[in-house]
Every structure is written in structure tokens, then in C-alpha cells.
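Trainee: I have a structure open and would like to practise reading it with you. Could we go through it step by step?

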Amino acid sequence: PYTTLFRSPKGSPGNPLDELGVEAKFEALVVPVAGKVRSGEIRDAVLGLETAADLRPLWKLVGGEWAV
């Protein structure tokens, strides 16, 4: 049997994921837990963080403790 050593596996600082890779990983991890619609809402809220005036909508989506 052969094994392969990855010095910089995909997603590590030495081999970062591209935008499509990040989206695919996000979907693979979040859709099974939150569902397709809600995961899309979470994704959109995260992508809008730079211009968001308030984080409460995102916090509500992810079930934050102080979500109001």
C-alpha cells in the first residue's frame, strides 16, 4: 500500500481554497444541518458582513443566544 503526504493540504494556509472551494465546503457542512434555504440565507448574510449595519439578522439565522 502506498500513502501520500500532503505538505499543504487543500484549504491550509499554504494551499488556500478558491471562492468556489469555500462555497462548496460551506454547503457540504451547513446544508445538512440548516437546510438549503436557510444555508443560503446564512451565506448571504455572511457575504454581506462588510456592509452590515447590524449583526442580529445573521445571529438569528445561526441561533445565537442573544438573537433578538
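Trainee: Is Ser39 buried or exposed?

Mentor: Good place to start! This is a predicted model, and in it Ser39 is found in helix 2. Its relative accessible area is 5%. Buried means under 20%, so Ser39 is buried.

Trainee: Which residues does Ser39 touch, not counting residues up to four places away in sequence?

Mentor: Remember that Ser39 sits in helix 2. Helix 1 covers residues 19–34, and Ser39 is among the helix 2 residues that meet helix 1. Leaving out residues up to four places away in sequence, Ser39 touches Phe26, Val30, Val31 and Ala34.

Trainee: How are helix 1 and helix 2 oriented to each other?

Mentor: Their axes come within 7 Å and cross at roughly 130°. An angle over 145 degrees would count as roughly antiparallel, and 65 to 115 as roughly perpendicular. The crossing is right-handed. Since the angle falls in neither range, helix 1 and helix 2 are therefore oblique to each other.

Trainee: What kinds of residues make up the contact of helix 1 with helix 2?

Mentor: Let's take each side in turn. Helix 1 brings Phe26, Glu27, Val30, Val31 and Ala34, while helix 2 brings Lys36, Arg38, Ser39, Ile42 and Arg43. Sorted by type, the residues of this contact are five nonpolar, one polar and four charged.

Trainee: Arg38 is on that list too. Which residues is Arg38 in contact with, leaving aside its neighbours within four places in sequence?

Mentor: Arg38 is found in helix 2, and at 36% relative accessibility it counts as partly exposed. One of its partners, Lys60, has its place in helix 3. Without the neighbours within four places in sequence, Arg38 is in contact with Lys60, Leu61, Val62 and Gly63.

Trainee: How far apart in space are Lys60 and Ile42, C-alpha to C-alpha?

Mentor: Lys60 belongs to helix 3, and at 47% relative accessibility it counts as partly exposed. Lys60 and Ile42 are 18 residues apart in sequence. In space, C-alpha to C-alpha, they are separated by 9.6 Å.

Trainee: And where in the chain is confidence highest?

Mentor: The chain averages a pLDDT of 88, and 93% of the residues score at least 70. Confidence is lowest in helix 3 (residues 56–61), at a mean of 90. The highest value, 94, belongs to helix 2.

Conventions: Residues are numbered from 1 along each chain as its sequence is written. This is a predicted model: local features need pLDDT of at least 70, side-chain atom pairs count only at pLDDT 80 or more; totals for chains, interfaces and linings use all residues. Side-chain values use heavy atoms; hydrogens and water are left out. Axes are lines fitted to C-alpha atoms, for helices over the stretch in contact, and angles run from 0 to 180 degrees between N-to-C directions. Helices (H or I, at least four residues) and strands (E, at least two) are DSSP runs, numbered from the N terminus. Angles under 35 degrees count as roughly parallel, over 145 as roughly antiparallel, 65 to 115 as roughly perpendicular and the rest as oblique. A crossing is left-handed if the near helix is turned anticlockwise from the far one by less than a right angle, and right-handed if clockwise. Contact means heavy atoms within 4.5 Å. Ala, Val, Leu, Ile, Met, Phe, Trp, Tyr, Cys and Pro count as nonpolar, Asp, Glu, Lys and Arg as charged, and the others, Gly among them, as polar. Buried means under 20% relative accessible area, exposed over 50%, partly exposed in between (1.4 Å probe, protein chains only). pLDDT is the predictor's confidence in each residue, from 0 to 100.
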